[in-house]
Amino acid sequence: MTRPGRDEDPDRLYTVTGGRSRSTTGADTFDLVTLVVSESAPVRGMQSEHAAILRICRFPTAVVELASDLGLPVSVVRILLGDLLAQGKITARHPRRARTADALPDPDILKQVLVGLRNI
Amino acid sequence: MTSPEIAPPPAAGAGQPAAGSAQPVTGSIQPTVHAGQPAAAGDGTAAGTALALLISVVVAGAACLIAVYSSAESARAGVAWGTGAAGAVLCAAVTVAAHARLTSRSLRAAVSAGQTRLAEREAADNYFADGTVPAVVERLRRGGSAETALAEAPPVSSEAQRRVLISLAREVHRGENMRAAAMSACANAAGRVQALATSMAADLREMEHRHADEDVLADLLELDHRNAQMGRIADSIAVLTGARSGRRWAKPIVMESILRGAMGRISGYQRVRLHSTSEVAIAGHAAEGVMHLLAELMDNAANFSPPTSEVHVYVEEVAAGVVITIEDGGLVMGEVALRRAQQAVSADHGDLTTLSGTRLGLAVVGRLARKHGLSVSFRPSAHGGTGVLVRIPRELLTERRREEPAPMPPAAEPAPAPRASLGAQSTPPPTDHVRPVTEHSGPAADHAGQQDPARPAQQRAEGHDQQGSGGYANAAPPPQVYGESGLPKRRRGQTLAAVARATAASSQTERSQSGAEHGAGEEAAADGTSPAAGRAKRPSGTRFGDFRRAVQGTGDPEESGTSSPSSPTRSSSLSEDDTE
């Protein structure tokens, strides 16, 4: 947490999300390890959390790391990410997509692994 | 002749306010008694009449005798009778005249004395009404007891006034006691509710962090909102009863947080639209008051506008401070209403007599505005409703920017140690003499980053140029360098393979010069002579980087030359290479 003392931030979470408690994009769009990449720079007048997300996500960042960096619950971060995604300011990458497609890794990769291990 | 004596002035000097010397207790308030006038006047009249009778008898008698003795002998009896009768009649007439004259004079004197006394009594009454009673009431309002107030009161001129004053003092004292007791009870209750609301807010925030379930979060947010509204009402009562403000913020609060903190305390916060690009922050001691004031004004705006319309909040930085405009699309306030609202927020009296019972908002706003030197003015809004302008004076502002969302560790001292050890494990600096520099510049940039985010970026950039690939600490992206755990962060998107390539690109000799405790493992891994030793020493990501490098062949030299080695990995963040 980013709060050393007791509740040192006057912002309440419902004001951060504008009263929403559910992500508009659905729960499966962002899971904990979804990598988020910002597609545009923060602009002046943006909500500070949005700007912070865009700054942090200049390089792919997992949702859970975002939540930790922002000091916000993951659910709230999801809502914020949903906003940004709807505006097209970020893209989400699903790291496990390739693996869930088929249970086993690509034989080529396995081959590369083998070669690599030998080279080590 | 004996004129009736003028009534002496009342002994106690009831007409003179200067008689304020402290006298003993209530017994001092004694009416002064006037001496009786009519008896003296009556005596004077009788004496005067007798004197007149005596003189007239003597004169008439003498005249009679002279007339009798000077007249002829024959006519003496007739003359005697005649003059005697005439003398008697004359005496009677003179006596009656003298008596009437004296009586009228004495009555006139009595009337004028009565008038004088009446005027004096009137003056005394006036003084009692205008001087004594207000003085006693004022003394009681200042907190004196009834006895003290009566003792200090100027003396009164009559028993009736004394009784009136005593019963008045007792009543006012009782009322004052009740008022004070009610105020302190309210203040105390408000303070307790404030404390409860504050601790509940902290608890709710903690729960919001703990429960990831969206349903639970929704409920918690709802509770949080209700709690914030409750806290605002408690704050309002505390402000009106003169208790101290509920919360104090130790640090300056940026404008965005101020506005959101304010809107979070009203029921219709979802209708509030913030338009703020201001970076200013409000000093911690005033932040709570400003937030509360804005919340009350926003609440007014939201309550007095249609439920579907929005309330717009604009922030404008001006020379004299910051002007916050709250505009609603509700009813246009008439001239009278505007004036009354203006009066309510700028009235200089501190009592609650104008409080209507249900509309506390503007009274609270007035109190807070006076306390913090804010100016509040109302005007018709361009949105069709009413606009409120709040000017926050420059004294309450600081230019502190919002904290970076990924906060730097406040203490930079612990940071170098883990960074050094981690760096040693994955990417040892090429030479020994570089490392202290980087270690030193890391915390420096880090520390500066908390105060001014713009400058450290520049510093980091300079450091990057100067130290090239040598300073791993400088290779981190400008927004964040270290995680909150104090550990350095790997730059996003830069694979550990690049780190490893950079490692491979650095010469063997340089690496052998670096820290002896890790050198063996590093060399072994790079040489490929003892993979097991390398694996044991290095994080899995780095091992994988080596593997990747092995697959792809040696890293191309230009990349390792241009891209500085990234900051070492956190053990918690796995490389995306693992998952792709």
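Modeller: Let's settle one word before we start: contact means heavy atoms within 4.5 Å. This is a predicted model, in which local features need pLDDT of at least 70 and side-chain atom pairs count only at pLDDT 80 or more, while totals for chains, interfaces and linings use all residues. Residues are numbered from 1 along each chain as its sequence is written, chains are lettered from A and ligands numbered from 1 in the order in which they are written, and side-chain values use heavy atoms, with hydrogens and water left out.

Biologist: Fine. What does A:Arg44 touch, leaving out residues up to four places away in sequence?

Modeller: A:Arg44 touches B:Thr277 and B:Glu279, and by the cut-off that means heavy atoms within 4.5 Å. A:Arg44 sits in the loop between strand 1 and helix 2 (48-56) of chain A.

Biologist: And what makes A:Arg44 count as exposed?

Modeller: A:Arg44 has a relative accessible area of 61%. Exposed means over 50%, buried under 20% and partly exposed in between, with a 1.4 Å probe and protein chains only. At 61%, A:Arg44 is therefore exposed.

Biologist: How much of each chain is buried, on that scale?

Modeller: Of the 120 residues of chain A, 45% count as buried; for the 580 residues of chain B, the figure is 44%.

Biologist: How many helices and strands does chain A have?

Modeller: Chain A has six helices and three strands. Helices (H or I, at least four residues) and strands (E, at least two) are DSSP runs, numbered from the N terminus. Along the sequence, the pattern reads α-β-α-β-α-α-β-α-α. Chain B comes to 18 helices and eight strands.

Biologist: How are the strands of chain A ordered in their sheet?

Modeller: The three strands make an open sheet in the order 2-1-3, with antiparallel pairing. Strand 2 (61-62) and strand 3 (90-93) of chain A are the edge strands, each pairing on one side only. Helix 4 (residues 74-86) of chain A packs on this sheet, touching strand 1 and strand 3 of chain A, and its direction makes about 115 degrees with that of strand 3.

Biologist: How do you know that strand 1 (residues 35-38) of chain A and strand 3 of chain A pair?

Modeller: Two strands pair if DSSP finds at least two bridges between them. Strand 1 and strand 3 of chain A have four bridges, so they pass, in the antiparallel sense. One example is A:Leu35, whose bridge partner in strand 3 is A:Arg93.

Biologist: Now chain B. What is the strand order in its open sheet of five strands?

Modeller: The order is 2-4-5-7-6, with mixed pairing. Strand 2 (272-275) and strand 6 of chain B stand at the edges with a single partner strand each, so one side of each has no neighbour in the sheet. From one strand to the next, the twist averages 20 degrees.

Biologist: What makes strand 7 (residues 386-393) of chain B mostly covered?

Modeller: Six of its eight residues are buried. Strand 7 of chain B runs antiparallel to strand 5 (residues 321-327), with seven bridges, and antiparallel to strand 6 (residues 375-380), with six. B:Val390 in strand 7 stands opposite B:Ile324 and is also the bridge partner of B:Val376. Five residues lie between strand 6 and strand 7 in their hairpin, where B:Gly384 takes a positive phi near 100 degrees.

Biologist: Why are helix 5 and helix 9 of chain B called oblique to each other?

Modeller: Helix 5 (residues 214-240) and helix 9 (residues 361-372) of chain B have axes that come within 9 Å and cross at roughly 60 degrees. Axes are lines fitted to C-alpha atoms, for helices over the stretch in contact, and angles run from 0 to 180 degrees between N-to-C directions. Under 35 degrees counts as roughly parallel, over 145 as roughly antiparallel, 65 to 115 as roughly perpendicular and the rest as oblique. Roughly 60 degrees falls in the rest, so the pair is oblique. In this pair, B:Ser236, B:Val239 and B:Leu240 of helix 5 meet B:Ala363, B:Val364, B:Arg367 and B:Leu368 of helix 9.

Biologist: Last one: which residues of chain B does UniProt list for "transmembrane region"?

Modeller: The unreviewed UniProt entry lists residues 51-72 and 78-98 of chain B. UniProt positions are in the numbering used here, feature names are shortened, and annotations may be inferred rather than shown by experiment. In the model, residues 51-72 of chain B are 91% helix and 0% strand, with end C-alpha atoms 33 Å apart. Residues 78-98 of chain B are 100% helix and 0% strand, with end C-alpha atoms 29 Å apart.
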